[in-house]
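Let's take a friendly walk through this model together. Have the sequence and the 3D view open as you read.

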Amino acid sequence: MLRRIDFDALPRWRPPAGVFEAPPLPNGREVVFRVLAETSVHAGHLDIMRELIDGHQNLVVG
């Protein structure tokens with residue numbers, strides 16, 4: 001799917017001004033980066049909650 005994205009093009013849709021505090025994303029590259037960054041942050045939060053619930057930690061060596 002990423003092969004179809006024009007990373008230099010403007011996003012097809014932007015939220016109305018004032019909806020988000022961050023400035024609008026200028027191109028597809030920034031949109032994909034933001035999605036990956038937000039996913040990694042929130043996936044980490046979910047992993048922490050899972051560890052707190054089940055008491056097990058998954059060690060990932062990279």
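The notes below go through the helix, its start, the segment before it and its far end.

## The model and its helix

Please keep in mind that this is a predicted model. A good place to begin is helix H1, which covers residues 28-54. How far apart are the end C-alpha atoms of H1? They are 38 Å apart. With 27 residues at 1.5 Å a residue, H1 should span 39 Å, so the expected span and the distance in the model agree.

## How the helix starts

Asn27 sits in the segment before H1 and caps the N-terminal end of the helix. The cap is made by a side-chain oxygen of Asn27, which lies 3.2 Å from the backbone nitrogen of Arg29.

Is Asn27 buried or exposed? Its relative accessibility is 17%, so Asn27 counts as buried, the cut-off being under 20%. Setting aside residues up to four places away in sequence, Asn27 touches Phe7, Asp8, Ala9 and Pro11. One of these contacts, Asp8, comes back in the next section.

## A salt bridge between segment and helix

How many salt bridges does a search of the whole structure find? The search finds 1. The side chains of Asp8 and Arg29 meet in a salt bridge, with 3.0 Å from N to O. This pair links distant parts of the chain, as Asp8 belongs to the segment before H1 and Arg29 to helix H1, 21 residues apart.

The two partners can also be described by their accessibility. Asp8 has a relative accessible area of 59%, so it is classed as exposed. Arg29 has a relative accessible area of 42% and is therefore partly exposed. Arg29 thus has its side chain in the salt bridge with Asp8, while its backbone nitrogen lies 3.2 Å from a polar atom of the Asn27 side chain.

## Distances across the chain

Leu2 is another residue of the segment before H1. Which residues does Leu2 contact, leaving aside its neighbours within four places in sequence? They are Phe7 and Val32. Leu2 and Val32 are 30 residues apart in sequence, and their C-alpha atoms are 8.9 Å apart in space.

Two other pairs are worth a look in the viewer. Pro15, also in the segment before H1, is 13 residues from Leu2 along the chain, and their C-alpha atoms are separated by 22 Å. Pro15 is partly exposed, with a relative accessible area of 31%. In helix H1 you will find Phe33, which is exposed at a relative accessible area of 57%. Phe33 and Val19 are 14 residues apart in sequence, with 20 Å between their C-alpha atoms.

## The far end of the helix

Now turn to the nonpolar patch on the surface, formed by Ile48, Met49, Leu52 and Ile53. Together, these residues have about 460 Å² of accessible area. Ile53, one of the four, lies in helix H1. With a relative accessible area of 70%, Ile53 is exposed, because the cut-off for that class is over 50%.

Just after H1 comes Gly55. What phi does Gly55 take? Its phi is positive, at about 75 degrees.

Key. Residues are numbered from 1 along each chain as its sequence is written. This is a predicted model: local features need pLDDT of at least 70, side-chain atom pairs count only at pLDDT 80 or more; totals for chains, interfaces and linings use all residues. Side-chain values use heavy atoms; hydrogens and water are left out. Patches are made of residues with over 30% relative accessible area and no salt bridge: like charges are joined within 9 Å, nonpolar side chains (Val, Leu, Ile, Met, Phe, Trp, Tyr) within 5 Å. Accessible areas come from the Shrake-Rupley method with a 1.4 Å probe; for residues, only the protein chains shown count as cover. Helices (H or I, at least four residues) and strands (E, at least two) are DSSP runs, numbered from the N terminus. Buried means under 20% relative accessible area, exposed over 50%, partly exposed in between (1.4 Å probe, protein chains only). A polar contact is a pair of N or O atoms within 3.5 Å; within protein, one must be able to donate a hydrogen and the other to accept it, and residues adjacent in sequence count only if both atoms are side-chain atoms. Contact means heavy atoms within 4.5 Å. The expected span of a helix is 1.5 Å times one less than its number of residues.
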